[in-house]
4 protein chains.
Amino acid sequence: MSSSTSPQLAVHRLDMAHPGDLSALQALLDHGVLAADEIVAIIGKTEGNGGVNDFTRGYFTQTLFNLLGDRLGRSPQQLQAEIPCILSGGTEGVLSPHYLVFARQAAAADAPAGPALAIGRALSADTPAQDIGRWSHVQAVAQAVRAAMADAGIDRAQDVAFVQVKCPCVTSARAQSAAAAGQPVRSADPNRSMAYARAAGAFGVALALGQIADDDRLEAALLEDFALFCPQASISSGVEVSANEVVVLGHSATWRGPLRMACEPMEDAVDLGAVVRACTRLGLQAHPQLPASDLSRVAGVLVKCEPDRRGRVRGKRHTMLDDTDINAQRHVRAALGGVVAGVLGTGQIFVSGGAEHQGPDGGGLIAIIASIA
Amino acid sequence: MSSSTSPQLAVHRLDMAHPGDLSALQALLDHGVLAADEIVAIIGKTEGNGGVNDFTRGYFTQTLFNLLGDRLGRSPQQLQAEIPCILSGGTEGVLSPHYLVFARQAAAADAPAGPALAIGRALSADTPAQDIGRWSHVQAVAQAVRAAMADAGIDRAQDVAFVQVKCPCVTSARAQSAAAAGQPVRSADPNRSMAYARAAGAFGVALALGQIADDDRLEAALLEDFALFCPQASISSGVEVSANEVVVLGHSATWRGPLRMACEPMEDAVDLGAVVRACTRLGLQAHPQLPASDLSRVAGVLVKCEPDRRGRVRGKRHTMLDDTDINAQRHVRAALGGVVAGVLGTGQIFVSGGAEHQGPDGGGLIAIIASIA
Amino acid sequence: MSSSTSPQLAVHRLDMAHPGDLSALQALLDHGVLAADEIVAIIGKTEGNGGVNDFTRGYFTQTLFNLLGDRLGRSPQQLQAEIPCILSGGTEGVLSPHYLVFARQAAAADAPAGPALAIGRALSADTPAQDIGRWSHVQAVAQAVRAAMADAGIDRAQDVAFVQVKCPCVTSARAQSAAAAGQPVRSADPNRSMAYARAAGAFGVALALGQIADDDRLEAALLEDFALFCPQASISSGVEVSANEVVVLGHSATWRGPLRMACEPMEDAVDLGAVVRACTRLGLQAHPQLPASDLSRVAGVLVKCEPDRRGRVRGKRHTMLDDTDINAQRHVRAALGGVVAGVLGTGQIFVSGGAEHQGPDGGGLIAIIASIA
Amino acid sequence: MSSSTSPQLAVHRLDMAHPGDLSALQALLDHGVLAADEIVAIIGKTEGNGGVNDFTRGYFTQTLFNLLGDRLGRSPQQLQAEIPCILSGGTEGVLSPHYLVFARQAAAADAPAGPALAIGRALSADTPAQDIGRWSHVQAVAQAVRAAMADAGIDRAQDVAFVQVKCPCVTSARAQSAAAAGQPVRSADPNRSMAYARAAGAFGVALALGQIADDDRLEAALLEDFALFCPQASISSGVEVSANEVVVLGHSATWRGPLRMACEPMEDAVDLGAVVRACTRLGLQAHPQLPASDLSRVAGVLVKCEPDRRGRVRGKRHTMLDDTDINAQRHVRAALGGVVAGVLGTGQIFVSGGAEHQGPDGGGLIAIIASIA
């Protein structure tokens, strides 16, 4: 097979001036850096509150698919059913609104040989409100993860570096509808329901990667047994989707190019060591902060984190969970943004709260995509 | 002079379960670790919102002086006029509510020789609402700083490591009263008035340390010319004080004991290098995080920081200043808490927003107190 | 029995400048309007957020009992165990921080004859974290209500106009302690636990007033069967109490004086008719707002309300329950403050969210105390 | 001129499930109730925070003009430059997200004769950041108001019932750009700049209606002399517009149909009398709340209000201006929503904070559109 037919992953990290500003992507398309039909997925952070009533995600999504629809001459609705657009709201503290565009292109003749970073994607069927946080939800996610691995050309679970899933959640309105239909939702509390959705997503990834059995008695472990976690899973949840969107990233010998990815579990919210370890695995030198030359090699940073539900970090009381004024996820995103930006030297970090079962209890994970030097 | 008459500074870093919980200090007094009349100052972080309507500071203060009044057989009001109690509200993210008790004790026979960390304090006269943020306010703070230096036995400005000032501010009610008396306040906006108070405090420290001239034309530079800053000043502002409370920390040959202090300006909100430099100056090894043995030597960490008013950190847009839901100071405290806690490995950090003129524009300072190894 | 020995209830509605400001009460004591030992209970609204981390209630309470302790030569702790001080945080919108001081005095010779408004109080034993929201909690409240009726000299349930209860709740710390002791709390979510506490309080009042049976199977109805409610119950919940504090208000032939009370259930958050009906029962003319002469007769206004959990008010979607930025109780207090202040013409209204089982589902109650013309 | 050529105003009040949900309008278009080219203006309330970072307005706007663009075969950008879409974010308390669609249609043969409610619109040129809150801004608004009156066929200022203006404001980014170009903005504080924009809008309406002179010395009165106000002006401000959008509503003999409008100034935030007076002028009976039959005649309710900047409502302290957790405008919208919904019996009310110079100081205005009985 000639090298020209090998796929190569391109990752573009782009600024936005507001959630409806896709001008940076538009410019890439205009200048031919990227073709619209090469886009596999989008992962981004918008500047909302990250909660049920965060409409910055829907606004960005609508703008994105209008743009792609125009370029491809297809309906935005169709495209939205094909291309995962996974957004996390909330750019607290030093975090900066941005998005990562993942594109599958033909490898350049001089592209470094593989194994290189590969991408695959899949969308599940719609998950109805009453199924969210149930075992059927876990199974639906797992099936989509397997489909995304196949799409990436990754056979072995051990080659999967990172799985991003966006799950639907339950709003007050959806809870009412389900209840009226005699099918009560697992939790009518919107924030709790988002947590169940994320938990089901994490279990779904673990199931697909062979880390747990397909046993519906495990449904009881969701949001209960936090010793169970999947260190490759990054899950978000939002009102704007009704199906589970999955993006798998991993290394594959059939792909070429300079990109590599390292993912490390974080033991707690101040686990600076994990951040440095992820850098080191990619040859990035943090002494204590990346020099500009190394920062320029970084293509994307993704973090999941969690306000420790036991109320303490390293033995000291935190106040995130008892704060009526600021949602706990907003607190922890701001803090983790600081921990990670201190090392990386940039606020363009995808930090997403709600890390239930996606890392050690009270911690989470950090994943970095970088070019080899 | 025999060693038994040399003073020695003790710093106790204490937990609190809520803003009215002084049980940790009570235990120290009960067990004779500390005598009530040895207490020179308190600096603490309470779990309020840090704004005009943060009453956790007043609650803690009332509880503290009731306790000390009981022990000393004096009125709480008298004690409050003597002992600076400088609190900053807001324990966002991983920050943990705590307070530092600074006590002046007779040096133990085996205490390390000086120069050692010394403390002094002073209170200005009351600053009326209409004077806040004016040059007369600057002069009042400067006079109190000089008095606090004398109290500490520090003659030279260069030996001053850190000056903490708590300034009064203008509430809606105080602004109304002043206006009714024909004396308008500099700003009727509560948050803006707190900023003016902090600016005047920083200029006051700079004036006392000989960094600027006593020229009232400089009043126009407050909150305008951010190239002017005092790298030793840490200022907070709150409704619960009517006078300026000053605490000076510095090294003095007449004091003994193991404590030393290092203060470093921070260039911006992600200046991890400054944190590590402050550690290194005290012999604390951050690779990348302090080991437990080094953390146990740390007696206090004080940080001032600021959401960059130009809207960017390292060239990337932040959203702190445009957020109607979360006050910008709460954002930046959470982020800096992450940056510093990543290195130190603890959330017991005094991080205070509102760093106008207290470090480089968009940055601030970090000060660490530690025992010599 | 001579009229001089009949009791008479005095209700003073007092301003506060901040949660630690009891100067208005101090002035009444100084001027002999009131003696400290005549105070039976305090009900007030402080300007916190009304949530778990609202410390304005603790601050006010500490200040109050310090003041009364000074006047009575007794320990504040003892007094706090005797005198219910029931505070609700949150003065959203036009609501104004204030407190009602209820005093039992000897009737003046010319006091109007009874039946007049009477007051009684009681405190339960401490409710441990694991009992909150359980049937044992309901029983403890009921027992305290009966004790308070006896204290007021009210024999018949039908003469009870209004029962205010402040219940303890579960913080993260208390939940951890209980779990560590093998006794899990009913909900570890702080807001949910406050809701359970309020529900148990309402059931406790209903039990005491003979409206439900003492059947522990009803425990399952808490926060589930909202058709069950007690139209005389007003319950709040907070971290600052560990026992249930009960105040009963009702009409008794053994009391004299001009005060009367009317309580009306509110069907929903915009039930203006209920407000006007309560006024009318007391001879207050709302056309559409009380004239000044009638407003001057009003001694206290107490409202309980609830963001409709079905997400709609009069068929139109509200957004209170899906808002990540503002707690739903803060939303609804602000709205009800507007509804009631429109009729009364004042923001000195005790409006407390969290009306679970204290009125029709999605509604609540309004109670007014006024002098007869 | 035959009656068939007379214009008639239709006002449709429509629900939305989220800020991107225009399905109710789509249904009206699909069923031929309305033609897309008959739409003159949209006024709506979306469920954001109403501040600088409220993107629900931009999201709704994008969705609206995509829809209309599809129907009319024109570009959304062109339509947006023609059709005012004036949104106010923030549905606090009982307020319900909704929008009013104003359409100019040919009068039905049996339409009631005029004078009837008429509508006109205009857009100014773009107002650059440095002009916002200056006299040139006032003049630009006035010119647009005159154009809108002409568009409505209203000659006399006295026939104007209500003028809605949406002004652009200054974000951090825009302030930076202007400063870099040597043209400083009037205030770099985002919330302050929104206030200046609203003030300029109100003065612009007053200028157009002959209530003030075209004297640029009056620029100093903006946000200073609150005795100056325009009782017909309703102004909002947002990041999503760069020009001033004006909609004039008034009565004209050349229009037919059943709609009439009444507008009353509100003296303060609890001026229930003004609400009832506006109802009465339209023959709506509030005893104390509108009966269902009268509510069905109401086509739209628009309110402007303001947290009293002197810190008191009817002599009692409010806490809206000193709250660091909840923006003052959110507080007051929630309260006014309650005051007005109590009378009207619905939460579908356009309540917009920021009433500077749009009614008596500390108050605002209420306007109701209703069909004659």
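## Two annotated residues and a domain interface

The backbone oxygen of A:Leu87 sits 2.6 Å from a polar atom in the side chain of A:Lys166. That is a good place to start exploring this structure, which is a predicted model.

Why begin with A:Lys166? UniProt, in an unreviewed entry, gives the feature "active site" to A:Lys166 and A:Ser236. The two positions span 71 residues in sequence, yet their C-alpha atoms are no more than 4.8 Å apart, so they gather at one spot.

Here is how the two residues compare in their setting:

| Residue | Strand of chain A | Relative accessible area |
|---|---|---|
| A:Lys166 | β6 (residues 160-168) | 0%, buried |
| A:Ser236 | β7 (residues 233-238) | 5%, buried |

Are these residues buried or exposed? A:Lys166 has a relative accessible area of 0% and is buried, and A:Ser236, at 5%, counts as buried too. The cut-off helps here: a residue is called buried when its relative accessible area is under 20%.

Now look at the company they keep, leaving aside residues up to four places away in sequence. A:Lys166 touches a list of residues that includes A:Arg57, A:Ile86, A:Leu87, A:Ser236 and A:Glu245. A:Ser236 has A:Lys166 among its contacts, along with others including A:Ile86, A:Leu87, A:Arg198, A:Lys304 and A:Ser352. A:Ile86 and A:Leu87 therefore appear in the surroundings of A:Lys166, which is buried, and they are also in contact with A:Ser236.

Let us step back to the whole chain. Chain A is divided into domain 1 (7-106), domain 2 (116-249) and domain 3 (258-371). The centres of domain 1 and domain 2 of chain A, taken over C-alpha atoms, are 22 Å apart. Where the two domains meet, 20 residues of domain 1 are in contact with 20 residues of domain 2.

How much area is buried between domain 1 and domain 2 of chain A? The figure is about 1700 Å², and carbon and sulfur atoms give 67% of it. On the domain 1 side, A:Leu9, A:Val52 and A:Ile86 lose the most area to domain 2, together 34% of what that side buries.

Across this interface the rule finds 0 salt bridges, while 5 residue pairs are in polar contact. The elements giving two or more residues to the domain 1 side are β2 (39-46), α2 (56-72), β3 (85-89) and β4 (98-106) of chain A. The largest share of that side, 4 residues, comes from β2(A).

Conventions
Residues numbered from 1 in each chain as written. Chains lettered and ligands numbered in written order. Predicted model: local features only at pLDDT ≥ 70, side-chain atom pairs only at ≥ 80, totals over all residues. Heavy atoms only, no water. UniProt positions renumbered as here; feature names shortened; annotations may be inferred. Buried < 20%, exposed > 50% of the residue type's maximum accessible area, 1.4 Å probe, protein only. Contact = heavy atoms within 4.5 Å. Polar contact = N/O pair within 3.5 Å; in protein donor to acceptor, adjacent residues only side chain to side chain. Domains from an automatic or database assignment. Buried area = accessible area lost by both parts, 1.4 Å probe. Salt bridge = Lys/Arg side-chain N within 4 Å of Asp/Glu carboxyl O.
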